[in-house]
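Welcome! Open your viewer, get your selection tool ready, and follow along one stop at a time.

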Amino acid sequence: MPLIIVTGFPTSGKSTRARQLHDYLAERIAATAADASKYRLHLISDDSLSISRDVYDLSPSAVPAHTRSANASEKDARAALYGAVKRVLSDRDFVILDGLNYIKGWRYQLHCEAKAVCTPNCTLQIGCSVDRARKVNEERLRKQQQQQQPDAGKPQEEEAAMAEGQTLEAYEPANWDNLVFRYEEPNPMTRWDSPLFTLVWDDDAAQTRKTFDDLWDALAGAGRPVVRPNQ
Ligand code: ADP
């Protein structure tokens with residue numbers, strides 16, 4: 001069953017959409033599969049593997065002198081994500097990979113992994129303007145700084161987010177800018193990024209459901225492609 005690669009700018013709303021997709025798929029599997037218990041659903045993310053946002057930071061001050069290369073921590077994080085996907089990906093597993101997934105070579109590698117187990121993959125791009133995504137990060141930074149004040153209690157919003165399994169970890173501004181700069185847009189003309197589905201910030205519940213329906217039809221419904229490893 002499909003590997004769904006979520007991608008977008010940092011703090012653009014990827015985890016929010018990934019959780020919505022998770023809920024949608026759980027409902028769809030229960031409603032339509034003849035033997036729903038045959039299928040499993042996984043949501044893999046930096047948060048689920050406790051990967052800090054700092055691993056993406058390439059600014060010289062953030063990279064300790066002894067590290068083997070400037071992006072060693074990011075490579076280790078990718079290896080952990082890759083291992084987590086590889087462990088569960090199969091014809092019976094729906095896997096949502098929620099993350100930046102901003103390097104096209106990385107998305108290609110994931111596509112090859114899906115192909116190797118004869119299961120389709122798709123890309124879900126979260127469209128959000130740079131300004132809006134930056135504001136979300138700035139707001140998180142502000143809250144994080146407030147938290148670091150002595151005797152600051154946990155704000156209600158953070159308590160609620162943690163209860164839902166979300167973290168409110170912010171990116172350092174230079175790290176955030178750099179990730180936006182490095183972002184490699186998915187291209188629907190390439191086989192590893194297609195089919196490509198897009199959700200934008202203002203998409204309401206009806207539009208979101210329509211996009212998820214299209215995704216389901218293309219990958220799990222009647223339109224499901226037959227994938228062979230040597231194609
Ligand atoms: P990311 O996973 O890209 O870092 P999140 O999903 O954690 O981003 O979202 C960042 C913040 O933006 C959260 O507070 C979330 O509630 C809010 N948010 C995300 N998507 C939307 C949306 N479509 N409309 C309104 N608020 C959103």
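Here is a short walk through this model, which is predicted.

**Stop 1: the ligand**

Begin by selecting the ligand. Which residues surround it? You should find G8, P10, T11, S12, G13, K14, S15, T16, V136 and W201 around the ligand. Try colouring this shell by class: 3 of its residues are nonpolar, 6 are polar and 1 is charged. Helix 1 gives the most to the shell, with 3 residues.

**Stop 2: T11**

Stay with the shell and pick T11, one of the residues around the ligand. T11 is in the loop between strand 1 (3–8) and helix 1 (14–32). Look at its backbone: T11 has a positive phi of about 50°, although it is not a glycine. Is T11 buried or exposed? T11 counts as buried because 25 other C-beta atoms lie within 10 Å.

**Stop 3: S50, for contrast**

Now select S50, in the loop between strand 2 (40–45) and helix 2 (72–88). S50 is not a glycine either, and its phi is positive, at about 55°. Its surroundings tell another story: S50 has 8 C-beta neighbours inside 10 Å, so it counts as exposed.

**Stop 4: strand 4 and its partners**

Next, highlight strand 4 (residues 121–127). Of its 7 residues, 5 are buried, so strand 4 is largely enclosed by the rest of the structure. Now add strand 1, which pairs with strand 4 in the parallel sense over 6 bridges. Within this pairing, G8 stands opposite I126 of strand 4. Add strand 5 as well: strand 4 and strand 5 also pair in the parallel sense, over 5 bridges. Here T123 stands opposite L196 in strand 5.

**Stop 5: I126**

Zoom in on I126, which sits in strand 4. I126 counts as buried because it has 22 C-beta neighbours inside 10 Å. Leaving out residues up to four places away in sequence, what does I126 touch? Its contacts are V6, G8, S12, G13, K14, R17 and L199. Among these, G8, S12, G13 and K14 also belong to the shell around the ligand. For a distance to try in your viewer, go from the C-alpha atom of I126 to that of L58: they are separated by 24 Å, and the two residues are 68 apart along the chain.

**Stop 6: V6 and the cores**

From I126, step across to V6, one of its contacts. Not counting residues up to four places away in sequence, V6 touches K14, R17, A18, I96, L97, D98, G99, N101, L124 and I126. V6 is also part of the largest nonpolar core, which has 30 residues. The members that touch the most others there are L3, I4, V6, V85, V95, I96 and L97. Apart from this core lies another, of 6 residues, among them Y56, L100, Y171 and W176.

**Stop 7: strand 5 and the loop before it**

Finally, return to strand 5 (residues 196–200). In a regular strand, side chains alternate between the two faces of the sheet. Which residues lie on the covered face of strand 5? F197 and L199 do, while L196, T198 and V200 are on the uncovered face. Now select P195, in the loop between helix 6 (173–182) and strand 5. The peptide bond joining S194 and P195 is cis, with omega about -5°.

Key:
Residues are numbered from 1 along each chain as its sequence is written. This is a predicted model: local features need pLDDT of at least 70, side-chain atom pairs count only at pLDDT 80 or more; totals for chains, interfaces and linings use all residues. A nonpolar core is a set of buried Ala, Val, Leu, Ile, Met, Phe, Trp, Tyr and Cys residues joined through C-beta atoms within 7 Å. A residue is buried if 20 or more other C-beta atoms lie within 10 Å of its own, exposed if 12 or fewer, and partly exposed in between; C-beta atoms are placed from the backbone. Two residues are in contact if their C-beta atoms, placed from the backbone, lie within 7 Å. Helices (H or I, at least four residues) and strands (E, at least two) are DSSP runs, numbered from the N terminus. Two strands pair if DSSP finds at least two bridges between them. A residue is near a molecule or strand if its C-beta atom, placed from the backbone, lies within 6 Å of it. Ala, Val, Leu, Ile, Met, Phe, Trp, Tyr, Cys and Pro count as nonpolar, Asp, Glu, Lys and Arg as charged, and the others, Gly among them, as polar.
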